[in-house]
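I opened this notebook to keep track of what I looked up, entry by entry. I begin with a term I needed before the first entry made sense.

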Amino acid sequence: MPELPPAVVERRNRAARSGVRTSLLSVPSAAGIEAVGLEPVGEVMGCAVRSAPRRHPMPYSGRRWEVMRQHGKYYDAYSRPYLDGMRTGYNSVLARIRREAKTLGADGIVGVQLTRTALDGGNEFVAMGTAVRARSKVRPTSLFTTELAGSDVAKLMLAGWAPMRLQWAAAAHAIDTHYNTLIIGTRNSLRASNFELDAHTKLINDVRADARQEFDRMTEAAHADGGIVSDLTLSTWEPGEGVTAAIAVVCGTAVARFRRTDSAPADTLTVMPLWRRGEC
Amino acid sequence: MTAAADQIAEDAMRGLARPRTRKRGSRFTSDLSVNEFLPVCEAGFRPLGMVLGSSVYHVGVQLGRWSENQELEVLSTAMSRARELAMARMRKDARGLGADGVVGVRLDIEFREFGENVAEFTAVGTAVKGDQPRRWRTHTGNPFTSYLSGQDFFTLVKAGYAPVGMVMGSCVYHVAHQRFRQVLGTLGRNAEIPQLTDALYDARELAIGRMQAEASALRAEGVVGVRLLSLPHRWGGHTTEFFVIGTAVKPLRADHTITTPRLVLPLVD
């Protein structure tokens, strides 16, 4: 989809005519971004409905002994289609939301929410956020995006950090688990004992490590100073009989230090709130 | 206010507009939220990277005697051993980064569909480096671990204490079922059931005792932020894990003082 959808163009024109600036910001977030010289220019959305990636890429075929002997090796042919489907989905909606914000003349998007909803035979990927423009003579080289709320963006900027880019990184692998299942299932003496499942442990440690490495590579490619992770999830599924797959997702924002002087008003005040959640 | 705000926006956009070059390997990844990240930085620590370790563990089967209060040692051992495996992997990750400590550690247990009685134990935290080399490491030269949030960690350091390590104790306990005559004896009356009181007392004492033993091994002065949890997991109503976790601390100086807090009334709810 090279052009913006007609509905978006219409919405943009309508907003331009009326001069109304809409936003998805909460009141603290709206006040927060105001305090660091950012103004909302409108809510923006990127959306894509894609056919669901196949979770069963190939039927499990014989030679079970062969596979069992190789246990511990990854069977990524099972997990890759699913991972690729997720990645393409999220990347396409992030590209669309950026394009929409650019047409509004924004410098960045704050509070981006990434969601996926399963539809009949497909997945709907949605990215929603609020496009903002800085009261500044200088424009950033590329639009900044972040899933952090406006109030968090304000706190970061007051301390001398600027958000750069929302990063969605993931990794998935699959292993053959006949071996493990046999151990637990058939030997009753082992049912009662404590032991670590080596293959599963390795699978889970590896997918998390790989997802994190991809996140680090993205931070590096963005020439950022660091990355703040806001979400780390792991889910597992069985793409075929005797096969277990795991996908790990790391989502966060790459940040850049723009000021290192002490003049940044970041002094922490030791305060005792006179109210606390759950207390009257 | 507006002029100051505009200046921040101007500086930030200038920062995002200038071509950036940095040497490889000097970038960090932090698992802390913004509210935790900023106090940790202000306490003089530099985040190095997110560190994690996990273990998929088969927790054995052990049945308690129907009418007896007793610890289920097989299960207690499994819970502590699996957590220790996950923690050890996280610490190894942190040592690899040359960290002085790991802050904001989260420990999770999730029973996954890998098989019956199989659980995943995970430890996630953010490795940090302190302002002075070696000052923050433990007496064995290892990075410290802290179960405190970033805000609590900041307050602790400002008050002149240093965390030395996360300490925990676990006890899986089988609480006896009531015999028919015992049930009948207290039916409809307002009475204590001493057998159950004793059971819960014992189980908590065992868990807390184990945590205290860990703290003395670390040569700590005390333990802060202790949380005592009863986790039923998947063992039914009468078998419960009593899990206690906290952060062992030691004073940095003899004359530490705590800043008098200012009182505020937040306008949020």
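A crossing of two helices is left-handed if the near helix is turned anticlockwise from the far one by less than a right angle, and right-handed if clockwise. I note at the outset that this is a predicted model, in which local features need pLDDT of at least 70 and side-chain atom pairs count only at pLDDT 80 or more, while totals for chains, interfaces and linings use all residues. Residues are numbered from 1 along each chain as its sequence is written, chains are lettered from A and ligands numbered from 1 in the order in which they are written, and side-chain values use heavy atoms, with hydrogens and water left out.

**Chain A as a whole.** I looked up the secondary structure and found 8 helices and 9 strands in chain A, where helices (H or I, at least four residues) and strands (E, at least two) are DSSP runs numbered from the N terminus. Of the 280 residues in chain A, 48% are buried; buried means under 20% relative accessible area, exposed over 50%, and partly exposed in between, with a 1.4 Å probe and protein chains only.

**Helices α2 and α5 of chain A.** Two packed helices are described by the angle between their axes and the distance between the axes. I found that the axes of α2(A), residues 27-34, and α5(A), residues 150-158, come within 7 Å and cross at roughly 30°. Axes here are lines fitted to C-alpha atoms, for helices over the stretch in contact, and angles run from 0 to 180 degrees between N-to-C directions. The crossing angle therefore makes α2(A) roughly parallel to α5(A), a label for angles under 35 degrees, with over 145 counting as roughly antiparallel, 65 to 115 as roughly perpendicular and the rest as oblique. The crossing in which α2(A) passes α5(A) is left-handed. I then listed the contact (heavy atoms within 4.5 Å): α2(A) contributes A:P28, A:S29, A:G32 and A:I33, and α5(A) contributes A:G150, A:S151 and A:A154.

**Inside and around α5(A).** I noted A:G150, A:D152, A:V153, A:A154, A:L156 and A:M157 as the buried residues of α5(A). Within this helix, the side chains of A:K155 and A:D152 meet in a salt bridge at 3.2 Å, N to O, a term that requires a side-chain nitrogen of Lys or Arg within 4 Å of a carboxyl oxygen of Asp or Glu. The two residues are 3 apart in sequence, about one turn of the helix; A:D152 counts as buried at 17% relative accessibility, whereas A:K155 counts as partly exposed at 29%. After the helix comes A:G160, whose phi is positive, near 95°.

**The loop before α5(A).** A:T146 lies in the loop between β4 (144-145) and α5 of chain A, and its relative accessible area of 0% means that it is buried. Leaving aside neighbours within four places in sequence, I found A:T146 in contact with several residues, including A:I109, A:V153, A:L166 and A:T253.

**Salt bridges between and within chains.** How many salt bridges does a search of the whole structure find? I counted 22 over all chains. One pairs A:R135 with B:D6, the closest N and O atoms being 2.6 Å apart, and this pair crosses from the loop between β3 (122-134) and β4 of chain A to helix α1 (residues 2-17) of chain B. B:D6 counts as partly exposed, at 23% relative accessibility. I also recorded that A:E34, A:E39, A:R135 and B:D6 are linked in a network of salt bridges.
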